[in-house]
Amino acid sequence: MPAAVVEYKGWKEGYGCGYCGAARGKVSAGMWAHSMTVQDYQDLIDRGWRRSGKYVYKPIMNQTCCPQYTIRCRALHFQASKSHKKVLKKMLKFISKGDVSKVASEEEPMDSHIEDVATCDFLYKSESQVSQSDLTPLAVDQAERVENEEKDSGETKEEGNVQKVESDSVQVCADKDTPVPAEPSHSAKAAHAPPKPGKGADLSKPPCRKAKDIRKERKLQKLLQNQMGTAEGSQLQGDQAFLLQNSKSKTNQPKNIEDFVFVPLPDDARHKLEFTRFLCDSPLEAEHAPNGPECGYGSFHQQYWLDGKIIAVGVIDILPYCVSSVYLYYDPDFSFLSLGVYSALREIAFTRQLCVKAPDLCFYYMGFYIHSCPKMRYKGQYRPSDLLCPETYVWTPIEQCLPLLEHSKYSRFNQDGKAVDEGRLKELGRVRVLHKRTVMPYSVYKKRRKGPSDEASVQQYASLVGQTCSERMLLFRS
């Protein structure tokens, strides 16, 4: 298993904020990721980190002007709101009939990396200038000799235990809809008429079903048969499972997201919307696991093609416990389709598909939730969702967090006053370092280092990434 190699760049204080407009309000820490495993990145985002290209950053929550809380949606329990269904229906109507109002809709603001990165030239100046040869560790036996050197000095070293994150996670453009609770079933709204006199239902026969539901199921089954030889390889099994599962009539139940995403189109549909997905360049190392998704783990581009023209590209990271939405580009000529919302809903449906093969992969991470910036609260509409406590790194339902955030823009969500960060740094000497192409624990590097001490910087880095990641990733030291 390749190890992640990172260069820690330290803190950056007092630079411009794209959310509140403060000229010198933002505070964050960052590092340059030359390479990174998907497990390392999963553990990092579960400690409040996020990547923009190869730059991985973490807001210093109790100091920055607009605290950015990591948010995840529990995809398997997701219920589309009324406004979400409106977007899905609009897309279906446009594809089927080409009939949709092109009045400019209010788009949810782009929670863009450009605000976090491009406005801060510090990040560009911090781009790594280290040669690839310096980042390549020497032979394993040489690293083992360094490990033995530490043991000979009388220090003990145990293998770090990699804790499996219980958790389970862009930036997306979307419409500024107000949060709406899950829509009740239509049958609950209608007044029930008194039954007519008669003999009643024949209990020896199956319950009556609407002809529309029967036709829908037949169409889905036919679609599956046609897809058997042509469906996109890595998606076939997951798609089939969800199509079959959702082909059954759901009397008296609200529609779920698959009822909109996988509905078959009429033969005379005015438009054709297609999707392609492929690996893209990123610091994340692509991986395949026997119990993982068919497409594997890593960074992917999802392209949205309308009648042979690409209209949007979404970037996602598929990680051990989540699909993490990175960002979305789209053609502004099609903003009337609310592509930001639509792409987020498609990615939630995709997460649910992946979970069929990889049960641990059941969360959809949407980046940061910024309560102090009203235009950035739209992510809280994807329910049920959780926010990450900035002090103990445990997940808390967003309903419990909002009253705290109304009182203070920075808040500890874990109400157990005795709870601490279980993944906190405990042993600085066990931090792994890559120095002169040799892997060694910091305790050995510290003895070899010439010049001023860098212990404060290494301590800061390890405290932010946590003990587990600091023992797994390689911190480059020149």
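1. Gly98 comes directly after helix 2 and has a positive phi, near 65°. Helices here are DSSP runs of H or I with at least four residues, numbered from the N terminus. The model is predicted: local features need pLDDT of at least 70, side-chain atom pairs count only at pLDDT 80 or more, and totals for chains, interfaces and linings use all residues. Residues are numbered from 1 along each chain as its sequence is written, and side-chain values use heavy atoms, with hydrogens and water left out.

2. Helix 2 itself covers residues 82–97. Its 16 residues should span 22 Å at 1.5 Å a residue (1.5 Å times one less than the number of residues), and the end C-alpha atoms are 22 Å apart, which agrees.

3. Several residues of helix 2 are buried (under 20% relative accessible area, 1.4 Å probe, protein chains only). Among them are Lys85, Leu88, Met91 and Phe94.

4. The count of disulfides comes to 0, a disulfide being a pair of cysteine sulfur atoms within 2.5 Å. For Cys373, the closest cysteine sulfur is that of Cys66, 6.3 Å away and therefore too far for a bond. Cys373 counts as buried because its relative accessibility is 5%. Cys469 is also buried, with a relative accessible area of 1%.

5. The largest cavity has a volume of about 70 Å³. A cavity is a set of points on a 1 Å grid over the protein atoms alone where a 1.4 Å probe fits but cannot get out; lining residues have an atom within 4 Å of a point. The lining includes Arg47, Lys58, Tyr69 and Cys389.

Methods
On a 1 Å grid over the protein atoms alone, a cavity is a set of points where a 1.4 Å probe fits but cannot get out, and a pocket is an open set with protein on both sides within 12 Å along at least five of seven lines; lining residues have an atom within 4 Å of a point. Grid points are joined across faces, edges and corners, and a volume is the space filled by probe spheres set on the points. Helices (H or I, at least four residues) and strands (E, at least two) are DSSP runs, numbered from the N terminus. Buried means under 20% relative accessible area, exposed over 50%, partly exposed in between (1.4 Å probe, protein chains only).
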